[in-house]
Amino acid sequence: MTSNTEHFVAPVDETPLQATDSVKTDQAPLSLWADAWRKLRRRPMFIVSSLLILLLTTIALFPGLFTSVAPNNDCQLANSEAGPTEGHPFGFTLQGCDVYSRVIHGTQASLAVGVLSVLCVVIIGVTLGALAGYYGGWLDAVLARLGDIFFALPIILGALVVTQLPFFRENRGVWTVVITISLLAWPQMARITRGAVIEVRNADFVTAARSLGVSRFGALLKHALPNALAPVIVLATLELGVFIVLEATLSFLGVGLPLSVMSWGNDISAANASIRTNPGILLYPAAALSITVLSFIMLGDAVRDALDPKSRQR
């Protein structure tokens, strides 16, 4: 009795199990930062945002490469709200100043406030958050309650109050705005750092360092903190755009940078009077502000996805 059942066996060359299961043992595993960089290089969002930020940085550092018109010296009332002409592609402001030149030169102050504010917030927030998360106890309780006090205060309202203090009112400038933002914006950075340090403070490599005689502060500085910087970098990248908007908001309200300092916030505030007759005066600095903030938000999203442990496991 014969059976009609047919058996199909795949050819050996179609199932190369050895090639599938092979592991490259001659290559060291990628670190968190190396793997993140490998992912970032393949993301169009990271490439586009990086190119835009590089362009903005070049404009801020070398405005003379993009315009030869002095933003304030060539103001003539005869050109008040005049349209675009040769050499003046964006037209003129109400005072007859070149809009394009002011947008170019305003990049410097706006980016300076954002970068300096982020650096100060990172220094304050990372220091306090790392100490609170690693040592715990009464230090954690005191710093947590201090952070809650600042969290309860809206940052715009707090900035309006701080900027009216005699020292800040009489010395308005880039550094006073940076100090104001730093005093009010550090709690979020501290809270993120605290949580990240708590996650790694009991890790094996920290325990091993302590058993080898490393002091608690040394273990925090050399082992716990470097492995807790990923969320800090992500938050710092996102907050840079937020702080640029905050500077523009304070300048628009008249408590940020003085009128003698060119910034997009001051130009937007000055263009309020011409919004009906010549909206382009408001459009160009607002567009520059929007593109800058969008670039940093895109960069922050790309960095967050690259450093996300869940994303690394997929």
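# Briefing on an all-helical chain

Arg102 and Asp267 form a salt bridge in which the closest N and O atoms are 2.9 Å apart. Arg102 belongs to helix α4 (residues 99–135) and Asp267 to helix α12, so this pair ties together parts of the chain that lie 165 residues apart in sequence. Both partners are buried, Arg102 as well as Asp267. The model is a predicted one, and every value in this briefing was computed from it.

**Overall make-up**

- The chain contains 14 helices and 0 strands, so that the order of elements from the N terminus reads α-α-α-α-α-α-α-α-α-α-α-α-α-α.
- The chain has 314 residues, and 40% of them count as buried.
- Among the contacts in the chain with a separation of 6 or more, 72% are made by residues that stand 24 or more positions apart.
- The accessible surface of the chain amounts to about 18000 Å², and carbon and sulfur atoms account for 65% of that area.

**Salt bridges beyond the opening pair**

- Side chains of opposite charge can pair when their charged atoms come close.
- With a side-chain nitrogen of Lys or Arg required to lie within 4 Å of a carboxyl oxygen of Asp or Glu, the count comes to 6 salt bridges.
- Arg194 and Asp140 meet through their side chains in one of these salt bridges, at 2.7 Å from N to O. This pair links distant parts of the chain, given that Arg194 sits in helix α8 (residues 174–200) and Asp140 in helix α5 (residues 137–151), 54 residues apart.
- The two partners of this bridge differ in their burial class: Arg194 is partly exposed, with a relative accessible area of 30%, whereas Asp140 is buried, with a relative accessible area of 13%.
- Asp140 counts as buried because its relative accessibility of 13% falls under the cut-off of 20%.
- When residues up to four places away in sequence are not counted, Asp140 touches Ala132 as well as its salt-bridge partner Arg194.
- Asp301 and Arg304 form a further salt bridge, with the closest N and O atoms 3.0 Å apart. Both of these residues lie in helix α13 (residues 280–307), where they are 3 residues apart, or about one turn of the helix.
- Asp301 is partly exposed at a relative accessible area of 22%, and Arg304 is likewise partly exposed, at 40%.
- In addition, Arg145, Asp148 and Arg191 are joined into one network by salt bridges that share partners.

**Helix α11 and the loop that follows**

- Helix α11 has 23 residues, which at 1.5 Å a residue should span 33 Å, and the C-alpha atoms at its ends are 34 Å apart, which agrees with that expectation.
- A kink of about 25° is nevertheless present in α11, and this kink is centred on Glu239.
- Just after α11, Gly254 adopts a positive phi of about 90°.
- Leu253 is located in the loop between α11 (230–252) and α12 (264–270), and this residue is partly exposed, with a relative accessible area of 45%.

**A nonpolar patch on the surface**

- Leu153, Ile156, Leu157, Leu160, Val161, Phe252 and Leu253 form a nonpolar patch on the surface, and together these residues have about 550 Å² of accessible area.
- Helix α6 (residues 155–162) gives the most to this patch, contributing 4 residues.
- Leu253 can belong to the patch because its relative accessible area of 45% is above the required 30%.

**The surroundings of Ile181**

- Ile181 is part of helix α8, and this residue is buried, with a relative accessible area of 1%.
- Apart from neighbours within four places in sequence, Ile181 is in contact with Val113, Ser117, Val121, Phe243 and Leu246.
- Ile181 and Val162 are separated by 19 residues in sequence, and their C-alpha atoms are 9.6 Å apart in space.

Methods:
Residues are numbered from 1 along each chain as its sequence is written. This is a predicted model: local features need pLDDT of at least 70, side-chain atom pairs count only at pLDDT 80 or more; totals for chains, interfaces and linings use all residues. Side-chain values use heavy atoms; hydrogens and water are left out. Helices (H or I, at least four residues) and strands (E, at least two) are DSSP runs, numbered from the N terminus. Buried means under 20% relative accessible area, exposed over 50%, partly exposed in between (1.4 Å probe, protein chains only). Contact means heavy atoms within 4.5 Å. Accessible areas come from the Shrake-Rupley method with a 1.4 Å probe; for residues, only the protein chains shown count as cover. Patches are made of residues with over 30% relative accessible area and no salt bridge: like charges are joined within 9 Å, nonpolar side chains (Val, Leu, Ile, Met, Phe, Trp, Tyr) within 5 Å. The expected span of a helix is 1.5 Å times one less than its number of residues. The bend at a residue is the angle between axes fitted to the seven residues ending there and the seven starting there.
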